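Me: I am new to this structure and should be grateful for a close look at a single part of it. Please place that part in its wider setting as well.

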Amino acid sequence: MFIVRVSARAKDGAREQFLQVLQQQIEEVPKRFPLCCTYRACVDAADPQAFLVYEEWVSREAYVEFSTSEYVWQVMSQLGPLMGNQDAAFYEADPADLPLA
């Protein structure tokens, strides 16, 4: 499993538009990309301009296929002007390798 965590801030005055694009992604990504296991977005409890996107993919290759797709290019052309700082982290996990304790 390949896990992606993206933290981003909506620019001042762009929060509602930013939320609309995220909502669209939450609905569309799992439908368009069947190798996506989870695609969620959360609002920071202390900062309503800050968001976290959490993604789980069956493999790194599945994520790369998604992240280099025309769909992502189109979404980023919408989100880019609405976004301030962003940060991403990537993790690989094989549930069989994780301790149960």
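Which exposed residues does the face of α3 turned away from its buried side carry?

Reply: The model discussed here is predicted. On the face of α3 that is turned away from its buried side, the exposed residues are Glu-70 and Trp-73.

The opposite character belongs to Tyr-71, Val-72, Val-75 and Leu-79, which are the buried residues of α3. Around the helix axis they cover an arc of only 90°, and therefore they lie on the same side of α3. A general feature of helices helps here: an α-helix has 3.6 residues a turn, so residues three or four places apart point the same way. The cover over the buried residues of α3 includes α1, α2 and β4.

To place α3 in its setting, one may turn to the whole chain. The protein chain has 3 helices and 4 strands, and along the sequence these follow the pattern β-α-β-β-α-α-β. Of its 101 residues, 33% count as buried. Its C-alpha trace spans about 45 × 35 × 20 Å along the principal axes. Among contacts with a separation of 6 or more, 72% are between residues 24 or more positions apart.

The interior also involves α3. The largest nonpolar core has 24 residues, and those with the most contacts inside it are Phe-18, Val-29, Trp-57, Phe-66 and Tyr-71. Two or more residues of this core come from each of β1, α1 (15-32), β2, β3, α2 and α3 (70-79). Tyr-71 is thus named twice, as one of the buried residues of α3 and as one of the core residues with the most contacts.

Phe-66 links several of these parts. Apart from its neighbours within four places in sequence, Phe-66 is in contact with Val-29, Phe-33, Tyr-39, Glu-55, Trp-57, Tyr-71 and Val-72. Two of these, Tyr-71 and Val-72, are among the buried residues of α3. Helix α2 (residues 60-67) lies across β1 (2-10), β2, β3 and β4, and runs at about 125° to β3.

The strands that α2 crosses form an open sheet of 4 strands in the order β2-β3-β1-β4, with antiparallel pairing. β2 (36-43) and β4 (83-92) stand at the edges with a single partner strand each, so one side of each has no neighbour in the sheet. On average, neighbouring strands of this sheet are turned by 15° against each other, direction ignored.

Within the sheet, β3 pairs with two strands in the antiparallel sense: with β2 over 7 bridges, and with β1 over 8 bridges. Glu-55 of β3 is the bridge partner of Tyr-39 and also of Val-4, while Phe-51 of β3 is the bridge partner of Val-43. Because 6 of its 8 residues are buried, β3 is largely enclosed by the rest of the structure.

A hairpin through 6 residues joins β2 to β3, and Gln-49 is found in the loop between these strands. Gln-49 is buried, with a relative accessible area of 15%. Not counting residues up to four places away in sequence, Gln-49 touches Ala-8, Arg-9, Ala-10, Lys-11, Asp-12 and Arg-15.

To return to the part requested, α3 has buried residues on the same side of the helix, whereas Glu-70 and Trp-73 are exposed on the face turned away from them.

How values were computed:
Residues are numbered from 1 along each chain as its sequence is written. This is a predicted model: local features need pLDDT of at least 70, side-chain atom pairs count only at pLDDT 80 or more; totals for chains, interfaces and linings use all residues. Side-chain values use heavy atoms; hydrogens and water are left out. Two strands pair if DSSP finds at least two bridges between them. Axes are lines fitted to C-alpha atoms, for helices over the stretch in contact, and angles run from 0 to 180 degrees between N-to-C directions. Contact means heavy atoms within 4.5 Å. Buried means under 20% relative accessible area, exposed over 50%, partly exposed in between (1.4 Å probe, protein chains only). A nonpolar core is a set of buried Ala, Val, Leu, Ile, Met, Phe, Trp, Tyr and Cys residues joined through side-chain atoms within 4.5 Å. The arc is that of the directions from the helix axis to the C-beta atoms.
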